[in-house]
Amino acid sequence: MMDLLQSFWKGTALKNKIYIIGAGKVGSAFALELNDIGYQVYYLTDRNQKTLEAISSKINPVSISDKIEKEFISDSDIVIISVQDRYLGDVIKEIGNFNLDLNNKYFIHTSGSQSTDIFPGDKYNHSYLVSLHPIQTFDNVSFKNEKLL
């Protein structure tokens with residue numbers, strides 16, 4: 001797992017397409033900071049349209065949706081799931097129901113209460129899963145890079 005994190009954060013994944021599901025407190029911080037350091041955030045999903053529009057205006061071009069899109073999953077290399085813990089299982093199930101080949105896609109979730117065991121082994125490659133537990137509190141949705149990560 002350390003190799004994955006080191007390659008992700010040190011920039012060998014700079015050319016990979018990133019999809020962030022959940023643009024709330026944690027997801028917005030990821031979107032803005034990753035964009036600012038050169039990562040390609042191509043897709044962003046959140047239920048709150050106003051938040052999506054405000055964040056996407058800072059990281060254009062980015063495709064946005066208020067629901068998880070099969071096309072976004074299919075085209076992405078790295079999917080960051082930063083939804084509330086109570087929704088994580090539903091999001092993972094919804095992605096699995098798209099019947100896509102997910103074996104070569106990295107999935108990173110930011111739940112503080114779940115491990116990677118929440119991903120079913122028959123749909124996801126467990127060598128490509130990361131559970132990233134933030135060790136700080138994110139008070140608000142980020143609309144600028146606060147250098148929180």
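Student: Which residue in S2 does Lys17 stand opposite?

Tutor: This is a predicted model, in which local features need pLDDT of at least 70 and side-chain atom pairs count only at pLDDT 80 or more, while totals for chains, interfaces and linings use all residues. Residues are numbered from 1 along each chain as its sequence is written, and side-chain values use heavy atoms, with hydrogens and water left out. Strands (E, at least two residues) and helices (H or I, at least four) are DSSP runs numbered from the N terminus. In S2, the residue opposite Lys17 is Gln40.

Student: Over how many bridges do S1 and S2 pair?

Tutor: Two strands pair if DSSP finds at least two bridges between them. S1 and S2 pair in the parallel sense, and the number of bridges is 5.

Student: What is the order of the strands in the open sheet?

Tutor: The protein chain has 5 helices and 6 strands. The open sheet has 6 strands with parallel pairing, in the order S3-S2-S1-S4-S5-S6.

Student: By what angle are neighbouring strands of this sheet turned against each other on average?

Tutor: The edge strands, S3 (63–65) and S6, each pair on one side only. For angles, axes are lines fitted to C-alpha atoms, for helices over the stretch in contact, and the angle between N-to-C directions runs from 0 to 180 degrees. With direction ignored, the average turn between neighbouring strands is 20°.

Student: What angle does the direction of helix H5 make with that of S4?

Tutor: Helix H5 (residues 85–96) packs on the sheet and touches S1, S4 and strand S5 (106–109). Contact here means heavy atoms within 4.5 Å. The angle between the directions of H5 and S4 is about 150°.

Student: Which residues does Gly96 touch, not counting residues up to four places away in sequence?

Tutor: Gly96 is found in helix H5, and its C-alpha lies 6.0 Å from that of Lys123, although the two are 27 residues apart in sequence. Buried means under 20% relative accessible area, exposed over 50%, and partly exposed in between (1.4 Å probe, protein chains only). Gly96 counts as buried because its relative accessibility is 6%. The residues touched by Gly96 are Leu102, Lys123 and Tyr124.

Student: Which element supplies the largest share of the largest nonpolar core?

Tutor: A nonpolar core is a set of buried Ala, Val, Leu, Ile, Met, Phe, Trp, Tyr and Cys residues joined through side-chain atoms within 4.5 Å. The largest one has 21 residues, and those with the most contacts inside it are Ile18, Ile20, Leu34, Leu44, Ile55, Ile59 and Ile80. Strand S1 (17–21), helix H2 (25–36), strand S2 (40–45), helix H3 (49–56) and strand S4 (78–81) each supply at least two of its residues. The largest share, 6 residues, comes from H2.

Student: How many residues does the second, separate core have?

Tutor: In soluble globular proteins, nonpolar side chains tend to be buried together. The second core is separate and includes Val79, Ile95, Leu102 and Phe119; its number of residues is 18.

Student: How many residues apart in the chain are Tyr19 and Tyr43?

Tutor: The structure holds 8 aromatic pairs; rings of Phe, Tyr and Trp (its six-membered ring) pair if their centres lie within 6.5 Å, and planes under 30 degrees apart count as stacked, over 60 as edge-to-face and the rest as tilted. Tyr19 and Tyr43 form an edge-to-face pair, 6.0 Å centre to centre with 80° between the planes. Tyr19 is in strand S1 and Tyr43 in strand S2, and their separation along the chain, in residues, is 24.

Student: Is Tyr19 buried or exposed?

Tutor: Tyr19 also forms an edge-to-face pair with Phe72, 5.3 Å centre to centre with 90° between the planes. This pair links distant parts of the chain, since Tyr19 is in strand S1 and Phe72 in helix H4 (residues 70–75), 53 residues apart. Ring pairs join Tyr19, Tyr42, Tyr43 and Phe72 into a cluster. Because its relative accessible area is 0%, Tyr19 is buried.

Student: Which residue's side chain forms a polar contact of 2.8 Å with the side chain of Ser131?

Tutor: Ser131 lies in strand S6 (residues 129–131) and is buried, because its relative accessible area is 14%. A polar contact is a pair of N or O atoms within 3.5 Å; within protein, one must be able to donate a hydrogen and the other to accept it, and residues adjacent in sequence count only if both atoms are side-chain atoms. A polar atom of the side chain of Ser131 lies 3.0 Å from the backbone oxygen of Gln114. The side-chain partner at 2.8 Å is His133.
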